[in-house]
Amino acid sequence: MVPAEHYDNPNSLSSMGMKTVPKYADEAPAANAVPGINIDPAARQNLGLRVVAAEVGSLPSALSVTGTIDFNQRNVAIVQARSGGFVTRVYGRAPGDVIGAGTPIADVQLPEWGGAQGEFLAVRRLGRPDLTAAARQRLKLMGMSDGLIAQVERTGRTNGTVTISSPIAGVIQTLDARAGVTLAQGQTLAQVTGIGSVWLNAAVPQAQTGAVRIGQSVNATLAAFPGETFTGRIIAILPTTQPESRTLTVRIELPNRGGRLRPGMFASVALGGDQNQALLVPSEAVIRTGARILVMLALSDGRYRPAEVRTGREGGGKTEILQGLSIGEKVVASGQFLLDSEASLTGIAARSLEGGK
């Protein structure tokens, strides 16, 4: 406790009232030995020393932010009338309904389609394959399906009433189909947004956006599903900063199996992890003195010595070591501060970054 005090009797008491510990001349290390401090096995047990080896691994995520679930605006279908007409029947749909692909929206009477089908049948009766093919192509260009054209050919009757269905599974966002409504060509009957995947918009502080890149894997957890982790990837980093919070919006695409993820849900997002290999030690093993960064090495002969290191990223309780350690070297992860104090009192120099003595 008081390095300036020395006594020649091992039974003396220091000025702090503590019993002195004898030191003998033959305990001094050889001239070519690596400096270090010895700790009695009983003392090691009392101190709870825990030693781990520096190993290569992937640094876990270092950045946690929050975000909200939103619809995938790249998966939107607009259901329109291909020709002027009027709605003859609706199927009891409403905005907010979840529907499957092929779900009927409304039956629409299209007089122009009926007239074109009559002309096609008249041309077909002429027995001119070239004219028949041209008339069939005209029906396709008007928006009729191959199934409807085949039905007209097979029955020989026109069918101007068409059932308009949703081309994708999803949620009805808008619905303007009402029975008796007159439609203009190209008028929108409904807008459907798919829910096979959703967007997670996360707010990332601008000072930490350097750890984020497009294509990076992301893990998200939601309070609605405790214990589950949803994995997605970053598809866009929006170009503008929110002036109120000084954050950038990172857009993440998440698979939505079973439609469980619903827009408006709140999520915790883990960003910044990658698959790059790095030399890692537990973050608790790192001693930051202000002037330098140290770890306490556990030497092969049972002694301990401080070593200066240069650190990099941190995350998941791990710290990346850029310089000063090698793979397999053992460091003290618990009780290292007491060892560092003892090394300082006994004047043991820390190993340099280059690994020399």
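This briefing walks through a few helices and loops of one protein chain. The model is predicted. The chain has 357 residues, and 37% of them count as buried. Its make-up is 5 helices and 24 strands. Take the contacts between residues at least 6 apart in sequence: 72% of those join residues at least 24 apart.

**A quick word on helix packing**

- When two helices pack, people describe the pair by the angle between the axes and the distance between them.
- Three pairs come up below, built from helix 2, helix 3 and helix 4, so keep an eye on residues 111–125 for helix 2, 129–141 for helix 3 and 146–155 for helix 4.

**Helix 2 with helix 3**

- The axes of helix 2 and helix 3 are 9 Å apart, and the packing angle is about 165 degrees.
- With that angle, helix 2 counts as roughly antiparallel to helix 3, because anything over 145 degrees gets that label.
- The crossing of these two helices is left-handed.
- On the helix 2 side, the contact uses Ala116, Gln117, Glu119, Phe120, Val123 and Arg124.
- On the helix 3 side, you'll find Leu131, Thr132, Ala135, Arg136, Arg138 and Leu139.
- Sorted by class, the contact of helix 2 with helix 3 has 6 nonpolar, 2 polar and 4 charged residues.

**Helix 2 with helix 4**

- Helix 2 also meets helix 4: their axes come within 10 Å and cross at roughly 50 degrees.
- That angle makes helix 2 oblique to helix 4.
- This crossing is right-handed.
- Helix 2 brings Trp113, Gln117, Phe120, Leu121 and Arg124 to the meeting, while helix 4 brings Leu148, Val152 and Glu153.
- By class, the contact of helix 2 with helix 4 has 5 nonpolar, 1 polar and 2 charged residues.
- Look out for Gln117, Phe120 and Arg124 of helix 2: they touch helix 3, and they touch helix 4 too.

**Helix 3 with helix 4**

- Helix 3 and helix 4 have axes 10 Å apart, and they pack at an angle of about 140 degrees.
- So these two helices are oblique to each other.
- The crossing of helix 3 and helix 4 is right-handed.
- Arg136, Leu139 and Lys140 come from helix 3, and Asp146, Ile149 and Glu153 come from helix 4.
- The class count for the contact of helix 3 with helix 4 is 2 nonpolar, no polar and 4 charged residues.
- Glu153 of helix 4 is in on this contact, and it also takes part in the meeting with helix 2.

**The two sides of helix 4**

- Which residues of helix 4 are buried? They are Leu148, Ile149 and Val152.
- These residues sit on the same side of helix 4, because they cover an arc of only 100 degrees around the axis.
- A handy rule fits in here: an α-helix has 3.6 residues a turn, so residues three or four places apart point the same way.
- What covers the buried residues of helix 4? The cover includes helix 2, helix 3 and strand 9, which spans 161–165.
- Flip to the other side of helix 4, and Asp146 and Arg154 are exposed.
- Right after helix 4 comes Gly156, with a positive phi near 70 degrees.

**Three loop residues to find**

- Gln73 is in the loop between strand 4 (63–71) and strand 5 (76–80).
- Gln73 counts as partly exposed, because its relative accessibility is 44%.
- Along the chain, Gln73 and Val198 are 125 residues apart, yet their C-alpha atoms are separated by 8.5 Å.
- Gln185 lies in the loop between strand 11 (182–183) and strand 12 (188–194).
- Is Gln185 buried or exposed? At 60% relative accessibility, Gln185 counts as exposed.
- Gln185 and Arg82 are 5.6 Å apart, C-alpha to C-alpha, even though 103 residues separate them in sequence.
- Setting aside neighbours within four places in sequence, Gln185 is in contact with Ala81, Arg82, Ser83 and Gly84.
- Arg246 is in the loop between strand 15 (230–242) and strand 16 (247–255).
- Arg246 isn't a glycine, but it has a positive phi of about 55 degrees.

Definitions and conventions. Residues are numbered from 1 along each chain as its sequence is written. This is a predicted model: local features need pLDDT of at least 70, side-chain atom pairs count only at pLDDT 80 or more; totals for chains, interfaces and linings use all residues. Side-chain values use heavy atoms; hydrogens and water are left out. Axes are lines fitted to C-alpha atoms, for helices over the stretch in contact, and angles run from 0 to 180 degrees between N-to-C directions. Helices (H or I, at least four residues) and strands (E, at least two) are DSSP runs, numbered from the N terminus. Angles under 35 degrees count as roughly parallel, over 145 as roughly antiparallel, 65 to 115 as roughly perpendicular and the rest as oblique. A crossing is left-handed if the near helix is turned anticlockwise from the far one by less than a right angle, and right-handed if clockwise. Contact means heavy atoms within 4.5 Å. Ala, Val, Leu, Ile, Met, Phe, Trp, Tyr, Cys and Pro count as nonpolar, Asp, Glu, Lys and Arg as charged, and the others, Gly among them, as polar. Buried means under 20% relative accessible area, exposed over 50%, partly exposed in between (1.4 Å probe, protein chains only). The arc is that of the directions from the helix axis to the C-beta atoms.
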